[in-house]
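Biologist: I would like to understand the rule behind each label before I use it. Could you take me through the terms, and set the values against them?

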Amino acid sequence: MSEMTSHQDIVNDQKWVSSVRDDFPFLHHHKYNPPIAYLDNGASSQKPKQVLECIENFYREKYSNVHRGTHLLSQLATTEFERARNDLAKFLGASSENEIVFTRGLTESVNLLASSLGDGYFSSGDEIIVSMMEHHSNFVPWQMLCEKKGLAFKVCKLTDQGELDLDHFQTLLSEKTKLVSLVHASNVVGTINPIEQVSKWTRKVGALLAVDGAQAPHHFSINVEKLGCDFYMCTGHKMYAPTGIGVLWGREELLNRMQPYHGGGEMVEHVSVQVSTYKNAPARFEAGTPNIVGAVAMARAAKYIQDLGYENILRHENLLLQHAQEKLMQVEGLRMIGQSSSKVAVCSFVIDGFHPHDLATILDQEGIAVRVGHHCAQPLHTYYGVEGSLRASFGVYNTLEEVDRLFEAIQKAKRMLHS
Ligand SMILES: *Cc1c(COP(=O)(O)O)cnc(C)c1O
C-alpha cells in the first residue's frame, strides 16, 4: 500500500465498500465455495438490488409497449421510457434527450454508425483512423466499411506504456481523414485516452470523432460536450445494468442527416407504396419495439452510480488498482500490459513460462473469476507480442482482500504448474 494512503483512509474505504456490497445480492448467496472473487468486470458487471427491483417493479406494475396506445399502461410505460432517455442525456452531459438513441449495446452502436454514415458521408479515398487498442467491436465494423467503400483504414500505434502514440496519431491525421473512432478507456491496458485533446485535432481537419465508452461511465464522469466528440457510445451491462441495452449519443444535427439503420415501425413519418419518409432522431434509429425495461434499468443504474458518487468510486477503485499493481509486480516473471499513469482499474498481464489458460484454470478452482485470452482485442495482443493475457478488472464492490486472494492464487498456481 502506498504511503499516501493512511490507515484511516483504509478503514473508511472498508466501511464504504461493505455498504456497497450490501447492494449486490450476488455477493451474499453462499452457493459457491470458495466464494467467488468476481474480477471480470471488464467483461460484464454484477447488478445491484436497486436495478433488479426496478426491473421487477416495471414488469409488475407499469409494463406495456411504448409510443403506441392511448391507454393508461401505455402512457405510463412511455413516460418512464422517455424519462430514462432524459436521465441518461443528463448523465452523459448531452444537451438534448433527442440525441440519445437506444441500441442493443456497444457493438450495435458502432455498426449503426458505420452503416448510417456509410451511406452518404464517405467517398472513395477517404480515411478512417482507429487505434491498436480498440475492442474488436470498434475495429471490425470500420474495417468492413473501408473494404466495402474503398476507404483507407489507418491504425494508430501505441507506446510501450500502452498509451496512444500521439505523434503517430498526428501524422495519420489529414484533410483526408473523415472519421476517427477511439476507445475512451481500454478494456485491456486500462488507459484513459485524452479525448479532449484529440477532439481539438479532429475538429481542425473537419473529421468526426466517435468514442467507445464501454469502460467509462461506471469509472469516471462523462460530459460529451466537454469532451468535444461527435458520437459517444456506452453499454448497459458493463455499468451495472442488464445486457441488450446501450446508448449512442450523437449531435442532433448529425443524427438527423444520417440514413436510418433498420427499417420498420416507429422510425417512419409516412409510409406509402412509392416511398417512406423518416422521423428525426432518436426515433429514426429505433425501429421496432425497443428494449423498454432495459432502458429504464440502465437509467436506474446510472442513478445508482451517481448516488455512490464518482469521488468515492474513484478513491476506492484507485486504491484497488494501486494495491493490485503493487502485489502483481511482486510475482516473479510477471509482465503487466499497460502501465499508463492514467488508467481505470484493469490489470492485464502475462507470466513468463506459464500459459495464461493454465493459470486461469487454477485461479477458477480458487474462486477467482478473471478473464483469459485476447479479450476481443487481438491486434493489441499481437502488437505486444503475446497471444493472450490474464485480466483482473475491478468494480465498486471489489475489496483489497480479493486482490490478496488473487495474488495468493497466482503464487499457488505457479507452484502447482511447476511441479
Ligand atoms: C465490452 C466492450 C465492447 C462491446 O460492448 P457490447 O455492449 O458487449 O457490445 C466494446 N468496447 C469495449 C472497450 C468493451 O469493453
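Modeller: Helices and strands here are DSSP runs numbered from the N terminus, a helix being a run of H or I with at least four residues and a strand a run of E with at least two. By that rule N312 has its place in helix α11, which covers residues 310-328. This is a predicted model, in which local features need pLDDT of at least 70 and side-chain atom pairs count only at pLDDT 80 or more, while totals for chains, interfaces and linings use all residues. Residues are numbered from 1 along each chain as its sequence is written, and side-chain values use heavy atoms, with hydrogens and water left out.

Biologist: What makes N312 count as buried, partly exposed or exposed?

Modeller: Buried means under 20% relative accessible area, exposed means over 50%, and partly exposed is what lies in between, using a 1.4 Å probe and the protein chains only. N312 has 23% relative accessibility and therefore counts as partly exposed. Its C-alpha atom is separated by 25 Å from that of G246, 66 residues apart along the chain.

Biologist: Which class does S18 fall into by the same rule?

Modeller: S18, whose place is in helix α1, has 41% relative accessibility, and so it counts as partly exposed. From S18 to S124 there are 106 residues in sequence and 56 Å in space, C-alpha to C-alpha.

Biologist: And why is S64 placed in the class it has?

Modeller: S64 is at 9% relative accessibility, and therefore it counts as buried. S64 sits in the loop between α2 (49-62) and α3 (72-91), and its C-alpha is 5.2 Å from that of S74, 10 residues apart in sequence.

Biologist: How do you know which residues surround the ligand?

Modeller: A residue is near a molecule if one of its heavy atoms lies within 4 Å of it. There are 13 residues around the ligand, and the closest are T107, D212, Q215, T235 and K238. By class the shell holds 3 nonpolar, 8 polar and 2 charged residues; Ala, Val, Leu, Ile, Met, Phe, Trp, Tyr, Cys and Pro count as nonpolar, Asp, Glu, Lys and Arg as charged, and the others, Gly among them, as polar.

Biologist: What makes the pair formed by D212 and the ligand a polar contact?

Modeller: A polar contact is a pair of N or O atoms within 3.5 Å; within protein, one must be able to donate a hydrogen and the other to accept it, and residues adjacent in sequence count only if both atoms are side-chain atoms. An N or O atom in the side chain of D212 is 2.7 Å from a nitrogen atom of the ligand, so the pair meets the distance limit. An oxygen atom of the ligand lies 2.5 Å from a polar side-chain atom of T107, and an oxygen atom of the ligand is 2.6 Å from an N or O atom in the side chain of T235. Taken alone the ligand exposes 380 Å², of which the protein buries 88%; these areas come from the Shrake-Rupley method with a 1.4 Å probe, and for residues only the protein chains shown count as cover.

Biologist: Which polar partner does the side chain of T202 have within the protein?

Modeller: A polar atom of the T202 side chain lies 3.0 Å from the backbone oxygen of S199. T202 is in helix α7 (residues 195-205), and with a relative accessible area of 1% it is buried.

Biologist: What is meant by the largest nonpolar core, and which members touch the most others?

Modeller: A nonpolar core is a set of buried Ala, Val, Leu, Ile, Met, Phe, Trp, Tyr and Cys residues joined through side-chain atoms within 4.5 Å. The largest has 80 residues, and Y232, L380 and V396 touch the most other members. Helix α10 (residues 292-308) gives the largest share, 12 residues. At least three core residues come from each of domain 1 (7-31 + 309-418) and domain 2 (52-306), with bounds from an automatic or database domain assignment.

Biologist: How do you know whether A295 is buried or exposed?

Modeller: A295 has a relative accessible area of 0%, and therefore it is buried. Its place is in helix α10.

Biologist: Which peptide bond before P34 is cis?

Modeller: The bond from N33 to P34 is cis, with omega near 0°, and P34 lies in the loop between α1 (7-22) and β1 (37-38).
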